[in-house]
Amino acid sequence: MSLDSLLTCATSTDLKFIFVGGKGGVGKTTSSSAIATLLAKYCNKRVLLVSTDPAHSLSDAFRCEFTNDPKCPGVENLHVMEVDPSDTMEAELKKWADLAKDMHNQDSDNGGDANDEMVTKIKQFQEWLSGVPGIDEATALSSAIQHIESDNYDMIVFDTAPTGHTLKLLGMPEILEAGIEKLQSWQSTLWGYWDVIKGMGSSASLKRMNAKETVANMLEQYKRRIQKVALMLQDQHRTRFVVVCIAEYLSVSETQRLLRELKKNNVRASHIVVNQLVVDNALTKEELAELEGLAEVGTLHLGQQLLNKTVHACRLTTARKSIQEKYLGQLKSFPETQDILEGICELPLLAEEVTGNDALLRFAGFMVRNLPTTEGGGKPSPSLSNGPKPLYDDQLESLSKGATADASSSWTPSKGDEVKIIDLVKSAQYNGIGGTVISPIHPETNRCGIRIIYEGKTKTLALQQKNLVFLHQAKKAKKAEVLTGGDVFTPSMVEQPPAVNKAKALLDDPEIKAMIEGNPKFKDAVEDVLSNPMNVMKYFSDPEMSPLISKAMSKLKF
C-alpha cells in the first residue's frame with residue numbers, strides 16, 4: 001500500500017489538483033511537501049505547492065522563506081508559495097470598498113443621491129461576504145486556479161488548513177453563490193427603478209450606466225471564480241484529496257468524519273497517509289516479555305542504567321505498537337475506506353526530523369514502492385506549454401444555458417416580465433441588457449415589445465422570444481403611478497426576487513413562528529429584513545442569529 005497509483009495517475013491522466021488535509025499536527029505539511037517533491041522529480045511535471053493554512057509551515061519544511069509569490073526551493077520543476085487567505089480576502093473586499101467610494105464621489109459631484117442606497121448595499125455585501133464560513137480560503141483557491149489557467153504549472157498541491165476549515169470550505173460555494181445571486185437580482189431591479197425614476201437623460205445618466213456595468217461585472221466575475229472553486233473540488237478527473245492522519249483515536253475518528261463529508265460533497269478522496277508508525281519495528285508483547293526476563297536474571301551484559309533505559313524504551317514502543325495496530329485496523333474497517341484500501345500509505349516514525357530538501361526526498365521514498373526509472377531532469381515536456389488554458393469555462397457556460405433553458409422552457413412573455421436580451425447579431429449592442437415586456441407576442445410578427453434603457457434613454461424593441469432570457473415573472477399591479485413624460489411605473493418593475501418571496505412564506509411555519517415570537521432579537525431582525533430584504537446579509541455573521549438562520553435554511557430551498 002503506497003502512493004504509486006497517485007504518481008501513475010499524475011503521469012497518465014489529466015490530474016491537476018491534489019489537496020492534502022487532515023487534523024492539525026499529524027504531518028500534513030511534511031506529507032504535502034514530499035508529494036510535491038515526488039511529482040516534480042519523477043513525474044516530469046511543473047508543480048506549484050501552495051499553503052492555504054494561516055499558520056504556514058512550508059518555509060520550515062524546506063528551510064527556505066516563502067511568500068505570496070512562487071519561489072523555487074532548490075528542487076527542479078517545483079515552486080512553493082504561502083498564501084495568506086486573510087490577505088487575499090482583504091484585497092477582494094478592498095475592491096468593493098473602492099467601488100462604493102467611487103460611486104459615492106460620483107453622486108456627490110452630480111448633487112444627487114441616486115447611488116446612496118447602492119453604496120449602502122455594497123457595504124452590507126462586504127460585511128456579509130467577510131462572514132461567510134470558508135470564504136477566505138475559497139478566495140485563495142480561486143487565485144491559485146489562475147496559475148493553472150496561465151499554463152505556468154501543470155499541477156498544484158494544496159497544503160490545507162486543519163479539518164474544520166476544510167469542512168467549512170466544502171459548503172461555502174453554494175452559500176456564497178446564493179448570496180451573490182440575490183444581490184444580482186436586487187441590483188438589477190433597483191438600477192431599473194433608478195433609470196426610470198431619476199435623471200433619465202441627465203448628465204449623470206452615463207456615469208450611472210458605467211457604475212451599473214461595473215457592479216454587474218464584478219458580481220459576475222466573483223460568482224464565476226467561486227463556481228470554479230466548487231467545480232474544482234468536485235472534479236472527479238482532475239482533483240484528488242489525500243487525507244493525512246496518525247493511528248490514534250482522535251485522528252482516526254476525525255479522518256472518518258472527513259471522508260464522510262468529502263463523499264457527501266462529491267469530493268474524491270483517493271489516498272490516506274498514516275504517519276509516525278512503529279508497528280513494523282517495535283517488539284511484540286512476547287518479545288518484550290522475553291527481554292524483560294533476560295534483564296531480570298542478568299543474562300544481558302549491559303550496565304544496569306543502560307539496561308533499565310533499554311527496557312523502558314522497548315516497553316514504550318511496544319505499547320505504541322499495540323495502540324497503533326488497534327486504530328489502524330479500525331481505519332481499514334471503516335465503510336468510507338473500503339474503496340481506497342490500496343491507497344492507504346503507512347509511514348514509519350523516523351529518527352530524524354524531516355526538514356530540508358534531502359530529508360523530504362528521503363521521507364518521500366517511504367511513500368512509494370516503485371519509483372519511476374526516469375526523472376524529468378528539470379525539463380517538462382514542451383507539448384505541455386500551449387498557452388493559457390481556461391478551466392471549467394465550458395462547464396459554466398453549459399450550466400448557465402441549462403439554467404436558462406429550465407427557466408424559459410415553459411415561459412410565454414407577459415406584460416411586466418423582466419427579461420435579458422441575447423444573441424442579437426446586427427444589433428449586438430443590446431445583448432446583455434435587461435428590459436421589461438410591454439406587449440405580448442404578436443400572432444403575425446411573432447415578436448413582443450421590450451422596453452429598455454440604453455445610454456440613458458428609453459427604447460422600445462420588437463424581439464422574438466429566442467432573443468430573450470426570462471428573469472422574473474410579472475406581478476399584477478395594485479396601482480400605477482404616471483411619471484413625468486407619460487411613462488407608467490408599476491410595482492412589477494421592482495418585484496421581489498422569488499427567493500425573497502419564499503423566505504417570507506417561512507414566517508407561517510409553526511417552528512419558525514415560535515422561534516420569532518420567543519426571541520425579541522429574532523423579531524426585530526425579521527422586521528428589519530421585511531422592510532429591506534438585503535439587510536439579511538448583516539445577520540449571517542451574527543452568532544446569536546445562527547439558530548434561526550440554520551432552521552430557516554433547512555426549510556428553504558432556493
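**Salt bridges and nonpolar cores**

Student: Is R260 buried or exposed in this predicted model, or partly exposed?

Tutor: R260 has a relative accessible area of 40%. Buried needs under 20%, and exposed needs over 50%. The value falls in between, so R260 is partly exposed.

Student: Which residue meets R260 in a salt bridge?

Tutor: The closest approach is 3.3 Å, N to O. R260 lies in helix α9, and its partner sits in the loop between α11 (304-333) and β7 (344-348). The pair therefore ties together parts that are 76 residues apart in sequence. That partner is partly exposed, at 22% relative accessible area, and its name is E336.

Student: How many residues apart in sequence are the parts that K23 and E254 tie together?

Tutor: K23 and E254 form a salt bridge, with the closest N and O atoms 4.0 Å apart. K23 lies in the loop between β1 (17-22) and α2 (28-42), whereas E254 belongs to helix α9 (residues 249-264). So the parts they join are separated in sequence by 231 residues.

Student: Which of K23 and E254 is buried?

Tutor: The cut-off for buried is under 20%. K23 is partly exposed, with a relative accessible area of 28%. At 16%, the buried residue is E254.

Student: Which helix holds D393, the salt-bridge partner of K228?

Tutor: The side chains of K228 and D393 meet at 2.9 Å, N to O. K228 is buried, at 12%, while D393 is partly exposed, at 29%. The two are 165 residues apart and link distant parts of the chain. K228 is in helix α8 (residues 205-233), and D393 is in helix α13.

Student: Which residues are linked with D14 in a network of salt bridges?

Tutor: The structure holds 16 salt bridges. Side chains of opposite charge can pair when their charged atoms come close. The network joins D14 to K16, D235 and R238.

Student: Which members of the largest nonpolar core touch the most other members?

Tutor: In soluble globular proteins, nonpolar side chains tend to be buried together. The largest core here has 48 residues. The members touching the most others are F17, F158, I272 and V274.

Student: Which residues does F17 contact beyond its neighbours within four places in sequence?

Tutor: Two of the contacts are L391 and Y392. Another is R238, a member of the salt-bridge network. The others are I148, I156, F158, M232, T239 and R240.

Student: How many residues make up the second, separate core?

Tutor: Its members include L3, I246, V354 and A364. The number of residues in this core is 42.

Methods. Residues are numbered from 1 along each chain as its sequence is written. This is a predicted model: local features need pLDDT of at least 70, side-chain atom pairs count only at pLDDT 80 or more; totals for chains, interfaces and linings use all residues. Side-chain values use heavy atoms; hydrogens and water are left out. Helices (H or I, at least four residues) and strands (E, at least two) are DSSP runs, numbered from the N terminus. Buried means under 20% relative accessible area, exposed over 50%, partly exposed in between (1.4 Å probe, protein chains only). A nonpolar core is a set of buried Ala, Val, Leu, Ile, Met, Phe, Trp, Tyr and Cys residues joined through side-chain atoms within 4.5 Å. Contact means heavy atoms within 4.5 Å.
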